[in-house]
Amino acid sequence: MVMQDWKNKRVLVIGSGISGIGAAKLLCAVGACPVLFDENEKLTAEEVKAKLPEGLPADVMTGTLPEHVKSGIEAVVPSPGVPMDTAFMEEFRKRGIPVLGEIELGYLFSKGKLAAITGTNGKTTTTTLVGQILEEYYGGVFVVGNIGKPYTESALAAKEETITVAEISSFQLETTDRFKPQVSAILNITPDHLNRHHTMENYVAVKERIAARQTKDEVCVLNYEDDHTREFGSRCPARVVFFSSKRKLEEGLYLDGEDIWMAGEGKRERLMNIHEMNLVGMCNVENVMAAIAISICMQVPVEHILDTVKRFKAVEHRIEFVAAKGGVDYYNDSKATNPDAAIQGIRAMSKPTVLIGGGYDKGNVYDEWIEAFEGKVKYLVLLGATAARIEACAKAHGMAAEKILRAESFEEALKTCTERAEAGDAVLLSPACASWGMFANYEVRGNVFKDYVNGLAD
């Protein structure tokens, strides 16, 4: 469905979160007739309408979609949280109804240049840093996507000279088709969301969709030290720029000792020392190299890029230093919602650590996370649906039973940490699990942690 076809079209928008609201607003603005539908039977139509601007000509329905409405739908815009393999979605596909996500919808109506970033971990930090670099050099940059700002909110405001930086999740990539960034990036691919994608092969394939429409006129930035992205580099349709944290590259960015270098066309240039950054951990060194590569490909001069990098502060909830209380350093890594992200969090710690883990069960395995403790973890405080599985895994890897503590609530976990931590230790919230079932999202979990820490006596 091309842009001129949207006029008076009946479009089903599934989900009343920020993606659904953004899609409904854009569709109304271009003359379509959206039906905003939320399957949550606990929500009323009035509650959903309250999220929309007053007078917006969108129909709102909750619970069950009537058959006469369903039969008149001409396109479907599902929110990222809606699985594509349900009977409900299959009905529309069988009828040949176009299905496109909010990201695809925003892309179709946007103008200008686009840098798009995906990966299992590091997306938000890298996207935020790239956004700041480009904003400080060009001005008027939109930062959108999985970072919490719908693409559809800014799409119609974009001009030919506009630059958009988008953080794209695997859920969002499932419903892209024409989506084609000038510069794409896949930071890494490690097991995550397998309850949604079912197999690692499916998950990898979805991540690779970020570059599916690119040609050699565009660029894809890839991690040379990730097996999946390195292999993808050999068949990626775009021109590939690699970054590496473990070896010198003939072309691309790499870490040599404590210095970041750039190589290409037979030349090598030292860019910066990693201690000039405000970020901690090897994961953030990789994020910075990716951000530098993306920004160079977006034609920002290196000296401007490095100036921004050296001033950039950690993204909230990602190995975020909260405070030192009683000689104990507290770090909020609530965004570590899978084991690989949590591995980066514990690796960034340089002190004996009391670690909070556990939460919603996404079907992940925890062996590599436990192995990464490497004597750093003084106590492991567990809670949530995954507590028993993680405890069994930790014991199987030789962790002493007395070092593993269980908590029935988040508040109990926090209290346990403050009781066990001594001066010279660190307390790290890096759960390796999603927050669902206990909190609305990882941000709420992280904010509760920070509020607790900031309320402790100095």
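Start by selecting residues 123-137, helix α6: this helix lies across β5 (113-118), β6 and β7 (163-167), and runs at about 170° to β7. Keep in mind as you click around that this is a predicted model.

**The sheet under the helix**

Now bring up the strands. You should find 9 of them in an open sheet with mixed pairing, ordered β6-β7-β5-β8-β9-β10-β11-β12-β13. Go to the two ends of that order: β6 (141-145) and β13 (267-273) are the edge strands, and each has a single partner, so one side of each is left without a neighbour in the sheet. Look along the sheet for its twist, too: on average, neighbouring strands are turned by 20° against each other, direction ignored.

For a close-up, select 183-186 and 219-223. These are β8 and β9, which pair in the parallel sense over 4 bridges. Which residue of β9 does S184 face? Show side chains and you'll see C220 opposite S184.

**Over to α12**

Next, select 282-297. This is helix α12, and it lies across β5, β8, β9, β10 (239-244), β11 (252-256), β12 (259-264) and β13, at about 150° to β11.

Follow the chain out of α12 and stop at Q299, in the loop between α12 and α13. Q299 isn't a glycine, yet its phi is positive, about 65°. With a relative accessible area of 48%, Q299 is partly exposed.

**One-sided α13**

Carry on to residues 302-311, helix α13, and colour its buried residues: V302, I305, L306, T308 and V309. Turn the view down the axis: those residues cover an arc of only 165°, which puts them on the same side of α13. What do they pack against? Switch on α6, β12, β13 and α12, and you have their packing partners.

**A buried serine**

Jump to S430, in the loop between β19 (426-429) and α18 (442-454). Is S430 buried or exposed? Its relative accessibility is 0%, under the 20% cut-off, so S430 counts as buried. To see its surroundings, select D333, A336, A342, G345, L355, I356, G357 and W369; S430 touches each of these, leaving aside residues up to four places away in sequence.

**Last stop: N8**

Finish at N8, in the segment before β1 (10-14). Here is another non-glycine with a positive phi, about 65°. N8 counts as exposed, at 55% relative accessibility.

Conventions:
Residues numbered from 1 in each chain as written. Predicted model: local features only at pLDDT ≥ 70, side-chain atom pairs only at ≥ 80, totals over all residues. Heavy atoms only, no water. Pairing = 2+ DSSP bridges. Axes fitted to C-alpha atoms, helices over the stretch in contact; angles between N-to-C directions. Contact = heavy atoms within 4.5 Å. Buried < 20%, exposed > 50% of the residue type's maximum accessible area, 1.4 Å probe, protein only. Arc of directions from axis to C-beta.
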